[in-house]
Amino acid sequence: MKKLRWAIDGELWELDASTPRTLEGAARAVPGKALPLGLSRGTKLFRPSQIDFMQRFMAAAFLPSYTHDLGVTIQRVLSIPVSENWSALLLGQFNLRKFLSSLKENGGGDGVRKRDLKSIGKLLLDKSLYALGFSSEVLLTPDDTLLLSSDSYYAHNSSSIPRKKAVFHHKFPHHNLTVDAAWPALFVDKETGTYWDVPFSMAIDLASLPLDSGLSYHLCLHHNHGSPKQFQGDPIAQVPASLFPGISAKCAFSYGKNVDIWRSKAQKLKMVQPYDIFLSDPHVSASGTVGASLSANFGESSIRLVEDAKDIKHLSYHNPTLKSTLLGDIFASVSFTAQHGNFQRLVSDLTRFHVRMDFPSGSKFLSGATQLAQDLLNSHQPSPEAVKMICPTTSLSLQQQIAGPFSFRVDSGVVIDFKDKGWHIQADQPVFAIEYALQVLFSAKAVAWYSPKHQEFMVELRFLES
């Protein structure tokens with residue numbers, strides 16, 4: 001999931017969330033409801049390429065995954081040689097749960113013992129057990145990449161919609177330009193955990209590369225077409241305003257600063273390479289970011305955005321005749337990281353803690369603070385709505401070495417339950433993972449994670465993450 005991706009991609013931009021619900025293995029994050037900051041394409045190896053790497057270098061014959069609607073599926077990739085600058089991959093997915101269920105139904109109580117190879121072969125010809133995906137990546141120039149993909153599903157379920165995608169990526173000095181079109185595009189609402197399909201979505205995104213400290217900016221032009229449709233099986237939820245048909249132009253500027261509170265100067269083990277070079281320095285650090293954003297929206301989405309933010313005093317302008325809205329806001333983020341160990345020894349050499357608090361809307365925070373101050377001055381009980389508006393979006397992460405390159409990690413949001421007068425603090429959408437560091441690649445790892453909220457399991461390959 002998104003929470004397994006850390007600071008190298010930037011902390012304030014919406015990143016793709018990993019999910020096994022599609023062959024692509026990713027879903028776009030729904031932009032924030034009060035003031036969408038837009039689309040940011042984080043650096044990530046394409047899903048078929050991940051599987052191809054694991055087959056070639058990790059002896060992984062198949063990669064398993066799990067979703068509550070499909071059950072257990074296994075995937076394998078066939079590489080199609082084209083040329084030095086042009087690669088093509090064919091991804092096949094087999095629904096293992098459905099196959100075993102069909103085997104049991106047709107074999108009575110004895111199951112496989114009553115079946116011969118011919119009848120099992122007949123079951124394997126059932127198209128509904130399979131899904132196929134084709135992807136092609138062309139290196140146009142050393143700085144230009146074009147990626148095309150098409151997925152086909154034969155089962156009749158919520159994931160069976162054929163999907164197509166085209167992505168063009170260009171590297172400027174200290175900048176990245178991405179043009180992305182998908183039909184349909186899969187989005188996930190980070191607040192409710194609900195998945196949405198938008199019939200057509202396109203984005204042009206220009207962003208400065210993330211820096212440890214300094215000024216950065218982000219520009220995005222985003223177009224949605226067609227009515228959003230919720231994934232079957234997910235709890236009924238309200239459609240996010242930013243997914244309705246319309247065009248939005250967004251820009252955001254931010255300034256960030258990282259501070260080392262303490263960093264170990266002790267010598268590392270000689271002639272012993274760390275399992276992950278990014279996790280080899282014990283330290284305690286803090287970082288902060290402040291910024292401002294402006295969003296111009298046209299179409300049905302602009303009307304919905306105004307309705308969502310009607311109780312918040314924004315820098316805003318709305319023209320009902322032209323169906324256009326201009327919204328401005330400020331945002332901030334604060335994070336704290338502490339690490340013990342160099343991740344070199346076999347045991348007890350890595351413990352890492354990370355907490356981040358985001359304030360995505362300064363206007364919302366000021367509105368809540370004003371209402372809370374009025375309640376206190378009038379000797380009234382603080383309203384849950386006001387407290388909720390000033391509370392930051394908080395996430396925690398804890399990583400602990402198990403043995404050698406293996407480590408356990410849990411990432412979770414933290415929310416306050418305002419339904420109860422006690423206002424209990426509870427975990428929100430936790431994700432549990434086992435990571436295997438690929439020491440020979442300096443900073444790469446295979447990650448097997450499970451999300452109880454989404455009832456999803458997936459095995460992935462990650463590079464350059466801390």
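# Exercises on strands, a helix and a cavity

In strand E12, which spans residues 200–208, Asp205 is the bridge partner of Thr178. The exercises below all concern a predicted model.

**Exercise 1.** Determine how strand E9 is paired with E8 and with E12, and in which sense each pairing runs.

*Solution.* Begin with E8 (residues 163–172) and E9 (residues 175–183), which pair in the antiparallel sense over nine bridges. Within this pairing, Lys164 has Trp183 of E9 as its bridge partner. Next consider the turn: the hairpin of E8 and E9 has two residues between the strands, and His174 there takes a positive phi near 65 degrees. Finally, turn to E12, with which E9 pairs over eight bridges, again in the antiparallel sense; the bridge between Thr178 and Asp205 is the one named at the outset.

**Exercise 2.** Trace the strand pairings of E21, and find which residue of the turn between E20 and E21 has a positive phi.

*Solution.* The starting point is the pairing of E20 (residues 393–403) with E21 (residues 406–417), which is antiparallel and extends over nine bridges. Ser395 stands opposite Gly413 of E21. The two strands form a hairpin with two residues between them, and the residue sought is Gly404, whose phi is positive at about 55 degrees. The other step leads to E22 (residues 424–437), which runs antiparallel to E21 and is joined to E21 by eleven bridges; here Val410 has Phe432 as its bridge partner in E22.

**Exercise 3.** Give the strand order of the open sheet that contains E10, and identify its edge strands.

*Solution.* The sheet is formed by five strands in the order E1-E2-E10-E11-E14, with mixed pairing. Its edges are E1 (17–18) and E14 (229–230), each of which pairs on one side only. For a pairing inside this order, take E10 and E11 (residues 195–198), which are antiparallel over four bridges, with Val198 in E11 as the bridge partner of Ala185.

**Exercise 4.** Decide which residues of helix H3 are buried and which are exposed, and explain why the buried ones line one face.

*Solution.* In H3 (residues 117–124), the buried residues include Ser119, Ile120 and Leu123. Seen down the helix axis, the buried residues of H3 fall within an arc of 100 degrees, and they therefore line one face of the helix. On the other side of H3, Leu117, Lys118 and Lys122 are exposed. The general background is that an α-helix has 3.6 residues a turn, so residues three or four places apart point the same way.

**Exercise 5.** Describe the largest cavity by its volume, its lining and the elements that contribute to the lining.

*Solution.* A search of the whole structure finds five cavities of 30 Å³ or more, and the largest holds about 220 Å³ of space. Its lining consists of 25 residues, of which Glu24, Ser149, Asp151, Arg163 and Lys165 lie nearest its centre. The elements that give two or more residues to this lining are E2 (26–29), E5 (86–95), E6 (130–141), E7 (144–153), E8 and E10 (185–188). Sorted by class, the lining has twelve nonpolar, five polar and eight charged residues.

**Exercise 6.** Is Ser254 buried or exposed, and how far is Ser254 from Ile330 in sequence and in space?

*Solution.* Locate Ser254 in strand E15 (residues 246–263). Its relative accessibility is 5%, and because buried means under 20%, Ser254 counts as buried. Ser254 and Ile330 are 76 residues apart in sequence, while their C-alpha atoms are 9.3 Å apart in space.

Definitions and conventions: Residues are numbered from 1 along each chain as its sequence is written. This is a predicted model: local features need pLDDT of at least 70, side-chain atom pairs count only at pLDDT 80 or more; totals for chains, interfaces and linings use all residues. Side-chain values use heavy atoms; hydrogens and water are left out. Two strands pair if DSSP finds at least two bridges between them. On a 1 Å grid over the protein atoms alone, a cavity is a set of points where a 1.4 Å probe fits but cannot get out, and a pocket is an open set with protein on both sides within 12 Å along at least five of seven lines; lining residues have an atom within 4 Å of a point. Grid points are joined across faces, edges and corners, and a volume is the space filled by probe spheres set on the points. Ala, Val, Leu, Ile, Met, Phe, Trp, Tyr, Cys and Pro count as nonpolar, Asp, Glu, Lys and Arg as charged, and the others, Gly among them, as polar. Buried means under 20% relative accessible area, exposed over 50%, partly exposed in between (1.4 Å probe, protein chains only). The arc is that of the directions from the helix axis to the C-beta atoms.
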